[in-house]
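Hi everyone, thanks for coming. I'd like to walk you through one structure today, so let's put it up on the screen.

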Amino acid sequence: NSTDIILTPESYKKLYTEAKHRAALETLRDIMKTKSLLFIGFSLDDEALVSELIGNEELYRGASSRHFLLARSDLADRI
């Protein structure tokens, strides 16, 4: 549904807070467990997504899929 697509910071906030997006959030969690993700240009400013990634890593203790990030070199220390 194009009206519910999650691409902008505002739409990501809805993903984490609105009940109607609960299935989408669970799908994201399932994908993070079983598939490798490539984040392109991700600045790590989305604290909720970073929290999801950290929570996934802690829950599965490294047994879930690996994820990759293409970012500016000045973010290397932060990553």
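Let's begin with a pair of charged side chains: Asp-30 and Lys-33 meet in a salt bridge, 2.9 Å from N to O. Before I go on, please keep in mind that this is a predicted model.

Where do these two sit? Asp-30 and Lys-33 are three residues apart in helix H2, so about one helical turn separates them. If you want the general picture, an α-helix has 3.6 residues a turn, so residues three or four places apart point the same way. As for exposure, Asp-30 counts as partly exposed, at 39% relative accessibility, and Lys-33 is also partly exposed, at 27%.

How many salt bridges does the structure hold? There are four. Another one in helix H2 joins Arg-29 and Glu-26, at 2.7 Å from N to O. Here too the partners are three residues apart, about one turn of the helix. Arg-29 is partly exposed, with a relative accessible area of 30%, and Glu-26 is partly exposed at 37%. This pair belongs to something wider: Glu-26, Arg-29 and Glu-52 are linked in a network of salt bridges. Elsewhere, Arg-72 forms a salt bridge with Asp-74, with the closest N and O atoms 3.0 Å apart, and both of those residues are exposed.

Glu-52 takes us over to helix H3. This helix runs over residues 47-60, 14 residues in total, and spans 20 Å from first C-alpha to last, close to the 20 Å expected at 1.5 Å a residue. Which residues of H3 are buried? They are Leu-49, Glu-52, Leu-53 and Asn-56. These residues cover an arc of only 95° around the axis, so they fall on the same side of H3. Among the elements covering them are helix H1 (9-17), helix H2 (22-34) and strand E1. Turn to the face pointing away from that buried side, and you find the exposed residues Glu-47 and Glu-58. Just after H3, Arg-61 takes a positive phi of about 45°.

Last stop, the surface. Leu-38, Ile-40, Phe-68 and Leu-70 form a nonpolar patch there, with about 430 Å² of accessible area together. The elements giving two or more residues to this patch are strand E1 (38-40) and strand E2 (68-70). Take Ile-40 in strand E1: is it buried or exposed? Ile-40 has a relative accessible area of 63%, and the cut-off for exposed is over 50%, so Ile-40 is exposed.

That's my tour, and I'm happy to go back to any part of it.

Notes. Residues numbered from 1 in each chain as written. Predicted model: local features only at pLDDT ≥ 70, side-chain atom pairs only at ≥ 80, totals over all residues. Heavy atoms only, no water. Patch = residues over 30% accessible without salt bridge, like charges linked within 9 Å, V, L, I, M, F, W, Y side chains within 5 Å. Areas by Shrake-Rupley, 256 points an atom, 1.4 Å probe, with all protein chains shown as cover. Helix = DSSP H or I, 4+ residues; strand = E, 2+ residues; numbered from the N terminus. Buried < 20%, exposed > 50% of the residue type's maximum accessible area, 1.4 Å probe, protein only. Expected span 1.5 Å × (residues − 1). Arc of directions from axis to C-beta. Contact = heavy atoms within 4.5 Å.
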